[in-house]
Amino acid sequence: MWGSDNLTMREDRSLSVAKLESVHTMTTPIFPVDVVIMAAGKGTRMKSRLPKVLQRLAGVPLVQHVLNTAALLNARSAVVITGHGADQVEPLVLAPGQAMGVRCVRQEPQLGTGHAVQQAVPALADDGVVVILSGDVPLTQADTLQALIAECGGQQLALLTLDMADPTGYGRIVREGVQVQAIVEHKDATEAQRQIHEVYSGIMAVPARLLKGWLGRIDNQNAQGEYYLTDVVKLAVADGVPVVAHKITDPVQVAGVNSPVQLAELERAHQLRQAHRFMEQGVRLKDPARFDLRGQLDCAQDVEIDVNCVFEGSVSLGEGVKIGANCVIANCTIAAGAVIHPFTHIDGEKPGVSVGEGALIGPFARLRPGAQLAADVHIGNFVEVKNSTMAKGSKANHLAYLGDATVGERVNYGAGSITANYDGANKHRTVIEADVHIGSNCVLVAPVTISAGGTVGGGSAITKSTEPGALSVARGKQVSIANWARPQKQPKA
């Protein structure tokens, strides 16, 4: 579950809450930092046509998490080493909007991690420190990497390590005192070396000018016949360059993804950490193990969130907002005191959705892009609102559709009523002015205006605009036939 040669994330670029909180604490390093991200692996165990580094965690591709972290380091550039699935990976990492310059280099064929980083050498300037990361290790924190860079200091080789209770399969850190002498791969380790519990995470910081020289000297004389990046350690020792380790105790920061099981485990670990962070800020979560954030969430005081809720894109919850169980909420602003009842789906992607103070939404309601609801609006069960505004105090409580509509204050919109906004080619707008009452099971055929104070009788199909205060009824005359007998079933032959 680790991404290294010794160990077999609004939109995609949205920063996680933790990274957003830390972005202002990062300082510009005293020397340039260039990040190399290894993203060439096939990821066979994922059993997916999608390259491993494009698998999503918290709604964001794994490699984009790594790029977001690099941006928090104020890195000068990022070099992404691609190989398998390069035609899918490169458009993502090279797309406009990245916070730093990104360049891709190809590793073809894949002959080990040392060989991978060799491909990046022409893109690296000699004056910087290179931080080497893996595209399938998404949750390394920027402050951890800042500490690693500080250990490097532009002069030393610094490795990120940690102790493992069971280090089987992982490269061991061999020390002499505090100095690291070597990283020995498990397959090449002696029995005594296999008793070492400190392992290499796959992450290092190294002066570029030294790294280039060492990469030119590594060979593939090992059990796997590959060029190990870890061999730079023994070359540094041979050259008298100090090799230091920055040891951490948090395995999630260096956990990689090699299978769907590991991806799911890391997703839950990440979501649980986010949940705890919100609870520490005062948010009431009914069950932190059943909380999912796939974007940015801002919560004011006394927010309550029930179980199995998913937040995507950018969501803002005002003071005292209550979110019921099993809601999916994306790209919206919900004002103070609003209640979102269970099983509500809010999808505000371009344009967003806004819910006013004290509004009541759901259960089983759907708010689509462009729904703008003012204070004290009620949207009830099985009501859908799309690209519509509803002014203060208006209500649509049951089984209704409002699409491309402008609704005034204090409107009562009856059960089963709809705006027929689409003529087969174009969308048209319906205007319902203040204090209108729309009866049940009505069809308002746009473009049409129901003027202030008007009433539409139940079961009406309204095709023409109405006068203020008018009662409008448009339905067939009721006919009743006395003593009518229903047809009877014929007996079987």
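A residue counts as buried when its relative accessible area is under 20%, as exposed when that area is over 50%, and as partly exposed in between. Keep that handy as you click around this predicted model.

**Start with F382.** Select F382, in the loop between β24 (378-381) and β25 (384-386). Its relative accessibility is 48%, so F382 counts as partly exposed. Now look at its backbone: phi is positive, about 55°, although F382 is not a glycine. Most residues other than glycine have a negative phi.

**Add its partners.** Select F343, F364 and L399 along with F382: these four form a nonpolar patch on the surface, with about 410 Å² of accessible area together.

**Go to D376.** D376 sits in the loop between β23 (372-373) and β24. Here is another positive phi in a residue other than glycine, near 65°. D376 is partly exposed too, at 35% relative accessible area.

**Find two cis peptide bonds.** One joins G362 and P363, with omega about 5°; P363 is in the loop between β21 (360-361) and β22 (366-367). Another joins A446 and P447, with omega about 0°, and P447 is in the loop between β34 (443-445) and β35 (448-450).

**Check the cysteines.** How many disulfides does the structure hold? Zero. Select C327 and C309: the sulfur of C327 has its closest cysteine sulfur in C309, but at 4.8 Å that is too far for a bond. C327 is buried, at 1% relative accessible area.

**Finish at residues 1-26.** The chain's mean pLDDT is 92, yet over residues 1-26 the pLDDT is below 50. Where pLDDT is low, don't read the predicted coordinates in detail.

Technical notes
Residues numbered from 1 in each chain as written. Predicted model: local features only at pLDDT ≥ 70, side-chain atom pairs only at ≥ 80, totals over all residues. Heavy atoms only, no water. Disulfide = S-S within 2.5 Å. Buried < 20%, exposed > 50% of the residue type's maximum accessible area, 1.4 Å probe, protein only. pLDDT = per-residue confidence, 0-100. Contact = heavy atoms within 4.5 Å. Patch = residues over 30% accessible without salt bridge, like charges linked within 9 Å, V, L, I, M, F, W, Y side chains within 5 Å. Areas by Shrake-Rupley, 256 points an atom, 1.4 Å probe, with all protein chains shown as cover. Salt bridge = Lys/Arg side-chain N within 4 Å of Asp/Glu carboxyl O. Helix = DSSP H or I, 4+ residues; strand = E, 2+ residues; numbered from the N terminus.
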